[in-house]
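Let's walk through a fold together, one feature at a time. Have the structure open as you read.

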Protein chains: 2
Amino acid sequence: MLGRLLGCFLSKKIMSEHLLGHMSSFVAVREEDQAGILAFFRQKNLKKRDNHLEEGQICKYHYFIVKGCLRLFFINEKGVEQTTYFASESWWLTDYLAFQSQQTTPFYIQAVENTQVSAIDWHSQERLLAQYPYLERYFRLVYQRACGAAQLRIKYLYEFSPGRALLPFQHALSRVCATHSPVSDGLLSEIYPRIPERNQKEKTILNQFNFCKRTSVHLCCNQTKSHNG
Amino acid sequence: MLGRLLGCFLSKKIMSEHLLGHMSSFVAVREEDQAGILAFFRQKNLKKRDNHLEEGQICKYHYFIVKGCLRLFFINEKGVEQTTYFASESWWLTDYLAFQSQQTTPFYIQAVENTQVSAIDWHSQERLLAQYPYLERYFRLVYQRACGAAQLRIKYLYEFSPGRALLPFQHALSRVCATHSPVSDGLLSEIYPRIPERNQKEKTILNQFNFCKRTSVHLCCNQTKSHNG
């Protein structure tokens, strides 16, 4: 069991290459800088359903997802988990205000499935950027795209129900549905009851999730690139 | 009337100083670079209630608000304007995905009151950053904070009604309410009917807006700095 668990994790070399590859798709990373850049990151294996940030904690890490999926959620007044964001391969995730100010967070970050990340803490990120200032451009471009994606998410939240507003993450959701029913049960129950009867279009889309959950078939498995990845 | 209108606009010199001052609060801007940096920007006076971006247009400009207030909205299926964002002094605003890709936008940007901005188009922004790469850090930090603010907004939208979720903008809203009733009538009617009867706390807060509108008294006029400013 442990062997199988470890077997599904990528080697640190592959994880590092994934991060450098992503950086190189935005800026020219000098070969002689690569080892120095990677030294600022910790390659971590996050176990499915473990929380790696909890409400009230200092937000230490900025995660780059190499393989797997993280979700950002908070616990509402009724004590119910409310997922606001999914991050899958080649996305970055943290609570940006708490990370920047190194203060406590109102959010949780949880691995939806066994997930491999390159993690960098705030001080290391600052030192990384001081040492390799051309990476400022990399993060600026990643954030610029993330800001745009957030504007669209907010538009969806005004336009549709909370359930439908999670649909930009359907490629992440569908994978969860297909392969991790114990988790997807929770996630689906979080999303499904919110679909108003009157909105048949939304109901149809969410029924697809249910179908994909039952049949273990990926929905939109050819979904294109991530919002910020 | 025209004289009064022009009189309320700031001189180009003051507008330029405001932008440079904001940049200098994040990065050290070299004195010898200042004129070169400013040459990439156009100082613009935007008239109250004019749209400076409309659905279906290419998103040309990234606006830095020197004085005044812009709002980002879209028109929903019912033909009703839906405001998703306000940007006041020292905030930046554009549709980031459309700006980055230089494609058409689903949004509108409108001046809520007579507004002075430093505007930069996409090509100029790219050339500015190529010529002064240390400004990548400035934009990275602005975006980083904007990403965090967006995460909180999305949390509010899941947690509260759409009306309450606009409350992080209360300093902008209150100024509109106090001084621009023709606009605030529209904005309030957009927000007010959404408050559910059961949520007395939200109703009370929105009643404050109504009160401030009636009495022309600023609500939270000492509100501190903006999300991304």
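Q: Where does helix H2 of chain B lie, and at what angle does it run to S3(B)?
A: First, keep in mind that this is a predicted model. Helix H2 (residues 12–24) of chain B lies across four strands: S1, S3, S6 and strand S8 (115–121) of that chain. Its direction is at about 105 degrees to S3(B).

Q: Which other helix packs on the sheet?
A: That's helix H5 (residues 122–131) of chain B, which touches S3 and S8 of chain B. Compare directions and you get about 70 degrees between H5 and S8(B).

Q: OK, now the sheet itself. In what order do its strands come in chain B?
A: The general idea: strands of a sheet pair through backbone hydrogen bonds, and they can do that parallel or antiparallel. Here, 4 strands make an open sheet in chain B, ordered S1-S8-S3-S6, with antiparallel pairing. The edges are strand S1 (42–46) and strand S6 (92–93) of chain B, each of which pairs on one side only.

Q: How many bridges join S3 to S6(B)?
A: Look for 2 bridges between strand S3 (residues 61–67) of chain B and S6(B), which run antiparallel. To spot one of the pairings, go to B:Tyr63: its bridge partner in S6(B) is B:Leu93.

Q: How do I read the packing of H5(B) against helix H6 of chain B?
A: Start with the angle and the axis distance. H5(B) and helix H6 (residues 135–159) of chain B pack at about 125 degrees, their axes 8 Å apart. Angles from 65 to 115 degrees count as roughly perpendicular and those over 145 as roughly antiparallel, so this pair is oblique.

Q: Which residues meet there?
A: From H5(B) you have B:Gln125, B:Leu128 and B:Leu129. Across from them in H6(B) are B:Leu135, B:Glu136, B:Phe139 and B:Tyr143.

Q: Now zoom out. What rotation superposes chain A on chain B?
A: A 180 degrees turn does it, with 0.0 Å of shift along the axis and an RMSD of 0.0 Å. The two copies are therefore related as by a two-fold rotation axis. To find that axis on screen, go to A:Arg140: in chain A its C-alpha is the nearest one, 2.1 Å away. Both copies use the same surface, too, as 100% of chain A's contact residues recur in chain B.

Q: And how much of chain A is buried?
A: Of the 229 residues in chain A, 56% are buried. The chain has 10 helices and 8 strands, and exposes about 10100 Å², with 51% of that from carbon and sulfur atoms.

Methods:
Residues numbered from 1 in each chain as written. Chains lettered and ligands numbered in written order. Predicted model: local features only at pLDDT ≥ 70, side-chain atom pairs only at ≥ 80, totals over all residues. Heavy atoms only, no water. Pairing = 2+ DSSP bridges. Contact = heavy atoms within 4.5 Å. Axes fitted to C-alpha atoms, helices over the stretch in contact; angles between N-to-C directions. Least-squares fit on C-alpha atoms with pLDDT ≥ 70 in both. Buried < 20%, exposed > 50% of the residue type's maximum accessible area, 1.4 Å probe, protein only. Areas by Shrake-Rupley, 256 points an atom, 1.4 Å probe, with all protein chains shown as cover. Parallel < 35°, antiparallel > 145°, perpendicular 65-115°, else oblique.
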